[in-house]
Amino acid sequence: MKRIILMLAAFMGSAVAMAQLQSPDQFLGYKIGTRYTPHYRIVQYYQHVAKEMPAQVKLEQYGESTEGRPLLLATVGSAENIANIEQVRNNNLRLANAARDRMAPNENGPAIVWLSYNVHGNETSSSEASMMTIYELLNPSNAQSKEWLKNTVVLIDPCLNPDGRDRYVNWYTSVLGKNVNPQPIAREHREPWPGGRSNHYNFDLNRDWAWQSQVESRHRIKKYNEWLPHVHVDFHEQGVNEPYYFAPAAEPFHEVISKWQREFQTMIGRNHAKYFDKNGWLYFTRERFDLFYPSYGDTYPTYSGSIGMTYEQGGIRAGLGIINEDGDTLTLVDRALHHHTTGMSTVEITSQNAARVVKEFRSYFNNAINNPIGEFKSWVIKNDGTDRVTRLKELLDRNQIDWSWANGGNLSGLNYLTGKSESFKAEKGDIVINVNQPKGNFIKVLFERTSKLSDSATYDITAWSVPFAYGLKTYGVANYITAVNKTAPENTATTFTDNAYAYAVKWDGLNSARLLSELLQKGIRVRYAEQPFHIGTEQFEKGTLLVTQAANTGKPVRQALEAAAKSTGTKVFPVASGFVDKGYDFGSDRVRIINAPKVAMLYGENVSSLAMGELWHFFDQQLEYPVTLTSANDFMREGMNKYNVLILADGMYDFFSKKETNEELKAWVRRGGKIIALENAVAQMAKTDWGIKLKEDDDDKKDDDKKADYSLLRKYENRERDWLMNSMPGSIFKVELDHTHPLGFGYPDFYYTLKQDGNIYEYIKEDGWNVGVIKKDNYVSGFTGSVLKEKLKDGLLIGAQDMGRGQVVYLADNPIFRSFWENGKLLLCNAVFLVGQ
């Protein structure tokens, strides 16, 4: 009788739970996939689940998006595990040797799966699927999920990019008629610029995991590193004509990826295939989506010890339904169901192998510390006295990479900048990073000088080495460095005096540019020195900012400088006299006044939203200097009289192809305007008589040397490999820089650029300056097709051209790519503030 009563009580408890916990369809009032769910309703559903199932769900808001939408993380598990969830989390960090305490871990803890949805806002099916998945994991009538949760904790982030998602969903809802129109040419499938893929600042958040330039990424990675899950899935969509993609990934796999990480990807893929085969759904594996570039939602977790994977469902811009090239109608219902299926399958296979998953996770981190991969055991980053080291420290701290200050000592290692082994001296202020730490594999990936590719057909850039991205001299050392210092070097603060004749600020980094930005906006008159000068024992290089009392009579110069120095972390040097010991005095015509630029930047169709977004974010959030985003038509009609600097991000601009508007723009420059053109905008100008020309291949041959070109006889099956000869997915090249020109101020006589195309330009012959050129032996790292590698020499990449009273600045490559190419940010500031003054 007692047994019957217990069974009855359990049944009644289950029935009550089912009555309280609503499915997404019940809660929302429609079947998932038949309507789009706005982000606030997704939030409400997760709040409902947490309220009704508090013993098995912990819901937390870990941050806010740029536009203020909540970023959520739901932790799902058995009642026992949720009751002890902090112990579970801390124990997992001990398994990774990443806990603050030194307690021994429990190696019988649960496996941890993290499911990330909707990082691209217009890849919408995954957030819908997330609601289906959390419901089925908790559904009291689902006996399977009950068993899985006994040894598996599941973390669910329902929407990584709520701003982008709502941008797409709100637009789609506004153009939807009474019935869905599945025709691909229908308006509802023609998403307008800039689309919902990116976040508020038009950044691709799926390329930002390592760099964390965006607020959403910083919040998420902080929380991610507090967990370090064993399995991580990033849910995506691809073109509507593509079937479903899941693990295992394509080559190249980075060499730090372990045998187990490869093996379990295959096990997961086979489990998914079981369900897809049963339903007759098409899928593919081991193609296109590789594991190399370190800043994706699959690679960042992989380099952090997880089984990191991308799942791709066909469906970008499919709306609620679209007819694909097979003549089938692909619906949002289908897409959400497919993602739900792989999500549940991932939890299932992880649970079935939980003990092995935990054991291998522990082994990964033990090996990373005790047997690190690679030729270097440590790195020494030289402190050049600029803010580049400060910005690098911020990157290391955000990724929980341990570093220390160096003590003095003689060492030997590979000089990254020269590629040669040499002796050097470590000095106080230099940074030391030893690889024997939990993030050791990730460090190796970030700092590797030369990419080792098992397959050159990659999905993204193939070079990103941090020393080149930050422009810092770095040495790779073959042994660990134990002579380190946890105490920061003394930082001498500025002593402001009332009787200073002027104040000098060294122009050597983003901080000095931010200080200039702040002063100009407060109406403070600032000059810069064209030539180096000495005052006492202090040397000031070209570009040094000078603020004199005489030029700012009646203005609160000292107060403005103190505030700007404090907010930007910049050192200011009070100067007692304008008479210098060496160089040109402050009244010389070699000391130029900086007139505050009025900056406009074009947006719209045919402009890369990502490239424009990087620039917008840079001005708005980093430089904190006003920039007006305007359309080409509005600029040509009204903006020419209001702005004197025009930035053209990567794109194609109609006014260059029309004689009348092209000449009108030239006339604006001659009157004193300045164009800063980047990437394909430069290439377009090179075709429209602006004074810069694309460098053509030197393939002229004598007639009697011309023979049949057998290279044209290619095999169809090798078409991708043949294409690679002309491919440039992203490689590092050394640029010889004329740092006597204002565009090169603050740099040595070289600069490292990240090239993504084969464009190189002829030297400017008249009225211009060839500021940045590449010659022979300029290649540093990354895959470059054999044809392009031969072509990329003896040409221009960075130039400045005088045109009447105005200037044109040519930047053939993106100097702030994805906001992680830190060393190019001062180059952009030079173009905006110093060129043409």
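## Strand S31 and its partners

Five of the seven residues of strand S31 (residues 731-737) are buried, and the strand is therefore largely enclosed by the rest of the structure; buried means under 20% relative accessible area, computed with a 1.4 Å probe on protein chains only. The model is a predicted one, in which local features need pLDDT of at least 70 and side-chain atom pairs count only at pLDDT 80 or more, whereas totals for chains, interfaces and linings use all residues. Residues are numbered from 1 along each chain as its sequence is written, and side-chain values use heavy atoms, with hydrogens and water left out.

Strands are DSSP runs of E with at least two residues, helices are runs of H or I with at least four, and both are numbered from the N terminus; two strands pair if DSSP finds at least two bridges between them. S31 pairs with strand S32 (residues 750-755) in the antiparallel sense over six bridges, and Val735 has Tyr751 in S32 as its bridge partner. Two bridges join S31 to strand S34 (residues 779-781), again antiparallel, with Tyr779 in S34 as the bridge partner of Phe733. With strand S33 (residues 768-774), S31 pairs in the antiparallel sense over two bridges, and Glu736 has Val773 in S33 as its bridge partner.

## A five-stranded open sheet

An open sheet of five strands follows the order S25-S20-S24-S21-S26, with antiparallel pairing. Its edge strands, each pairing on one side only, are S25 (573-575) and S26 (591-594). From one strand to the next, the twist averages 30 degrees, where axes are lines fitted to C-alpha atoms, for helices over the stretch in contact, and angles run from 0 to 180 degrees between N-to-C directions.

Helix H17 (residues 510-521) packs on this sheet, touching S20 (502-505), S21, S24 and S26, and its direction makes about 30 degrees with that of S24; contact means heavy atoms within 4.5 Å. Between S21 (residues 526-529) and S24 (residues 545-548) there are two bridges in the antiparallel sense, and Arg527 stands opposite Leu546 in S24.

## The second largest pocket

The second largest pocket holds about 920 Å³ of space. A pocket is an open set of points on a 1 Å grid over the protein atoms alone, where a 1.4 Å probe fits, with protein on both sides within 12 Å along at least five of seven lines, and lining residues have an atom within 4 Å of a point; points are joined across faces, edges and corners, and the volume is the space filled by probe spheres set on them. Of the 33 lining residues, the closest to the centre of this pocket are Ala98, Ala99, Arg100, Gln400 and Asp402.

The largest share of the lining, four residues, comes from H5.

Methods
Buried < 20%, exposed > 50% of the residue type's maximum accessible area, 1.4 Å probe, protein only.
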